[in-house]
Amino acid sequence: MMASYSKIARMTLLAGSILSICVEHAQAGAFGLNEYGAIGTGMAGAGAGTGGLGLGSVEFNPAALTSFDGTRTSSTFTYIRPEIRIDAPTGNTGDIAQRGRLVPASQASYQIDDHWWVGITLSSPFGLITSIDPNNWASYHGRVSKILDVDATPVVAYKVNDWLSIGAGLQINYIDAEFGSSLTPLVPGSALRLSGSDTSLGYKLGATVRPFDGTEIGIGYRSQIDPNLHGDLTTNIPILGASGLILPGTQDMNVGLKLPAQLNVGLRQVITPDLTMLASYQWTNWSVFDRFMATTNAGPAIPLNFGLKDGWLVALGGEYKWSNTTTLRAGINYEKSPITTAVREPRLPDADRVAVAIGYTYKYSDKLSFDAGYMHVFVKDGAIDLTSPGVVPLTGTAKSQVNIAAVSVNYKW
């Protein structure tokens, strides 16, 4: 028994070393992310919630740990390159996504005995970077928006019997956010900036059911997280806030956010010894990301209005074992955006999307394998109609696309 605990400790230290390397470079290029492993990228997320996405499956469903025997680690580097521009009568923005971002993720698992597994995951479930030239009219609705999010989740899973496994995890989530806008065309260079960070807790629950040989159904739930960002509010001109006049300068600020819960349901079905089909449904409770108030020592100061709706995604994919060393895969998904024309802004101009993907696994040995995946996201043009009284008017069209490439290294110790 002492040897087992020693092995757990060594595995945890190794995983921690891998994960700490990743977190130093963590960046994200979209507000909601599913990039946890190259297998998932190569199947457009089909099968999320089952063990079919490699160790990245554990991000969606902690019970998926029981699909992996022994001691394993997996590290993924995903390059996300969104291209976003706003075409408007007042002038086009050019690419407000600026450049690609590297999104790392890592997982480690250890099988204690025939019933118990433990593990840890590190990922970025949320992220956003958009930047607009302050000379462009669209900057009055989002000059800069940045969200850096890092999530560490220790997990435990229990295999009840051959057809049922359950699991749970404790999320430790760190978020650092910045929102800034130009203020008024009457004062060139006028700007407002809010920035803050916080560490908060959440949880994950999951179950895996294998009712028949070759059939696996996975269900995973990620809880809502409620960070209270502490930071600064900065303005270079006097502005009227919710509690009165806000003078130029920097002052302490906090704002309570709500990051959405998520439900994943996945199906993995073996058709032949070489062919497997996968499908999944994902629901995200984006409607909680609605209206928030930034508060200073003087009281309520600046409202942040987002008004998102709940979003969902469906995916279908398959993989074919070409040889003992090579597996090929492909997938497609459709995602209903939580952002409608009524609330679409330059800082987050998302719309409904379709993604197509291809992927590949090379098994170098019984211990070492490599995964690669590529996905292209076709985003529907999104109308922008910000003409409400009291705001700088902006009309136009958001045009976007996203390219995603991922590589994973997997090792069984």
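1. One term before we start: a residue is called buried when its relative accessible area is under 20%, exposed when that area is over 50%, and partly exposed in between. Take Lys336, for instance: its relative accessible area is 34%, so Lys336 is partly exposed. Keep those two cut-offs handy, as they come back below.

2. Please remember that you're looking at a predicted model. The mean pLDDT of the protein chain is 90, and 93% of the residues reach 70 or more. Confidence is highest in strand β8 (residues 215-222), at a mean of 98, and lowest in helix α1 (residues 2-23), at a mean of 41. Over residues 1-30 the pLDDT is below 50, and this stretch has 51 contacts in the model beyond near neighbours in sequence. Where pLDDT is low, the predicted coordinates should not be read in detail. I'd skip the fine points of that stretch, then.

3. Let's visit strand β8, where Gly220 sits. Is Gly220 buried or exposed? Its relative accessible area is 0%, so Gly220 is buried. What does Gly220 touch, leaving out residues up to four places away in sequence? The list is Phe60, Asn61, Leu205, Gly206, Gln262, Leu263 and Asn264. For a sense of distance, try Tyr158 as well: it is 62 residues from Gly220 along the chain, and the C-alpha atoms of the two are separated by 14 Å.

4. Now for the strands, beginning with β14 (residues 275-284). This strand runs antiparallel to β17, and ten bridges join the two. If you'd like a pair to look for, Trp283 stands opposite Trp312 in β17. β17 also pairs with β18, again in the antiparallel sense, over ten bridges. Here Gly318 stands opposite Ala330 in β18. How many residues lie between β17 and β18 in their hairpin? There are four.

5. Further along the chain, do the same with β19, β20 and β22. β19 runs antiparallel to strand β20 (residues 368-379), with eleven bridges joining them. One pair to find is Ala357 with Met375, its bridge partner in β20. β19 and β20 make a hairpin too, with four residues between them. β20 pairs with β22 as well, in the antiparallel sense and over eleven bridges. There, Ala372 has Val407 in β22 as its bridge partner.

6. On to the charged side chains: the structure holds 16 salt bridges. One of them is between the side chains of Lys412 and Asp69, at 3.0 Å from N to O. Why is this pair worth a look? Lys412 lies in strand β22 (residues 394-412), while Asp69 is in the loop between α3 (57-60) and β1 (71-87), so the salt bridge ties together parts that are 343 residues apart in sequence. Both ends are partly exposed: Lys412 has a relative accessible area of 24%, and Asp69 has 37%.

7. Lys336, our example from the start, has a salt bridge as well: its side chain meets that of Asp352 at 3.2 Å, N to O. Lys336 belongs to strand β18 (residues 326-336) and Asp352 to the loop between β18 and β19 (353-363), so this pair ties together parts 16 residues apart in sequence. With 15% relative accessibility, Asp352 counts as buried, whereas Lys336 is partly exposed.

8. Another salt bridge brings together the side chains of Lys363 and Asp366, at 3.8 Å from N to O. Lys363 counts as partly exposed at 38% relative accessibility, and Asp366 counts as exposed at 68%. Elsewhere, salt bridges that share partners join Arg210, Glu216, Arg268, Glu319 and Arg329 into one network. Try clicking through those five residues in the viewer.

9. Last, have a look at the surface. Which residues make the nonpolar surface patch of about 810 Å²? They are Tyr320, Trp322, Leu328, Tyr360, Tyr362, Tyr364, Phe370 and Val409. Trp322 is a good place to begin: it lies in the loop between β17 (311-321) and β18. The relative accessible area of Trp322 is 60%, so Trp322 is exposed.

How values were computed
Residues are numbered from 1 along each chain as its sequence is written. This is a predicted model: local features need pLDDT of at least 70, side-chain atom pairs count only at pLDDT 80 or more; totals for chains, interfaces and linings use all residues. Side-chain values use heavy atoms; hydrogens and water are left out. A salt bridge is a side-chain nitrogen of Lys or Arg within 4 Å of a carboxyl oxygen of Asp or Glu. Buried means under 20% relative accessible area, exposed over 50%, partly exposed in between (1.4 Å probe, protein chains only). Patches are made of residues with over 30% relative accessible area and no salt bridge: like charges are joined within 9 Å, nonpolar side chains (Val, Leu, Ile, Met, Phe, Trp, Tyr) within 5 Å. Accessible areas come from the Shrake-Rupley method with a 1.4 Å probe; for residues, only the protein chains shown count as cover. pLDDT is the predictor's confidence in each residue, from 0 to 100. Contact means heavy atoms within 4.5 Å. Two strands pair if DSSP finds at least two bridges between them.
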